[in-house]
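Work through the exercises below with the model open. Try each task before reading its solution.

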Amino acid sequence: GALMLFSTVYGYKYYINDQHVLKLLAYHRNGSWVRLMVESDKIDKRYFPLDDTSTPIDWYRGVANYSLKKTDKAFANFISAFEHNPNHVHVLNNLATLYQLNGINDKAIELFNRAISIAPKFIDPVINLSAIYYNKGDYENSLKTIRQIDYDKNDPRLVFYLNRIDSMMSKHDKKY
């Protein structure tokens, strides 16, 4: 009897939370950040901290808060998301980005490298790590990092960064 009652209650809670997650995903796709936040408040994260793809609910909240220019809240969301899934490449990339924005480059570099080691073809952490090196004036590491990606002339970010790095390396070479 008790097991049947527990299973029924858990099944019902799972179903209700799943409905909220489906709405949250739709709001994420549409960029409806305020609605996403309201919907995520309805999810019982004590029992259901992840969606069906193991993406932490707090990652979605972090994306929404960042998009709403609430970077302190986004940072807290990404830290919580990291605690729920420390190997999720989007969590790693976004958390590293906020460490970078807060001037904590060593931690950002560590997390970008971790994301790259998990998903080497995921372009965002590679470009972001390359940008850290570029901004530090370390153009060789910036170029070395970005060359980890297969060149795609149709990706405007990749073309932009490669041109900037090449330009700075050319200026650097002329100085010496």
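Contact means heavy atoms within 4.5 Å. Keep that cut-off at hand for the exercises on packing. The model is predicted.

**Exercise 1. Find which residues Glu-39 touches, leaving out residues up to four places away in sequence.**

Solution. Start with the location: Glu-39 is found in helix H2. Apply the contact cut-off next. Glu-39 touches His-20, Lys-23, Leu-24 and Tyr-27. Now check the burial of Glu-39. Buried means under 20% relative accessible area. Glu-39 has 4% relative accessibility, so it counts as buried. Last, take a distance along the chain. Glu-39 and Leu-162 are 123 residues apart in sequence, and their C-alpha atoms are separated by 40 Å.

**Exercise 2. Compare the reach of helix H1 with the span expected at 1.5 Å a residue.**

Solution. Count the residues: H1 covers residues 2-30, which gives 29 residues. Take the distance from the first C-alpha to the last, 42 Å. The expected value is 42 Å, so the reach is close to it. Next, list the buried residues of H1: Asn-17, His-20, Val-21 and Leu-24. They pack against helix H2 (33-40) and H3. Finish just past the helix. There, Gly-31 takes a positive phi of about 70 degrees.

**Exercise 3. Do the length check for helix H4, then say what covers its buried residues.**

Solution. H4 runs over residues 71-84, a stretch of 14 residues. At 1.5 Å a residue it should span 20 Å. Its end C-alpha atoms are 20 Å apart, which agrees. The buried residues of H4 are Ala-74, Phe-75, Asn-77, Phe-78, Ser-80 and Ala-81. Their cover includes helix H3 (57-67) and helix H5 (89-101).

**Exercise 4. Decide how the spread of the whole protein relates to a compact globule.**

Solution. Begin with the elements: the protein has 9 helices and 0 strands. For 176 residues, the globule rule gives 16 Å. The radius of gyration is 20 Å, well over that value, so the protein is more spread out than a compact globule. For the outline, use the box filled by the C-alpha atoms, roughly 80 × 30 × 30 Å along the principal axes.

**Exercise 5. Describe the burial, contacts and surface of the protein.**

Solution. Buried residues make up 40% of the 176 residues. Take the contacts with a separation of 6 or more: residues 24 or more positions apart account for 46% of them. The exposed area is about 10,600 Å², with 54% supplied by carbon and sulfur atoms.

Conventions:
Residues are numbered from 1 along each chain as its sequence is written. This is a predicted model: local features need pLDDT of at least 70, side-chain atom pairs count only at pLDDT 80 or more; totals for chains, interfaces and linings use all residues. Side-chain values use heavy atoms; hydrogens and water are left out. Helices (H or I, at least four residues) and strands (E, at least two) are DSSP runs, numbered from the N terminus. The radius of gyration is taken over C-alpha atoms; the globule rule is 2.2 Å times the number of residues to the power 0.38. Buried means under 20% relative accessible area, exposed over 50%, partly exposed in between (1.4 Å probe, protein chains only). Accessible areas come from the Shrake-Rupley method with a 1.4 Å probe; for residues, only the protein chains shown count as cover.
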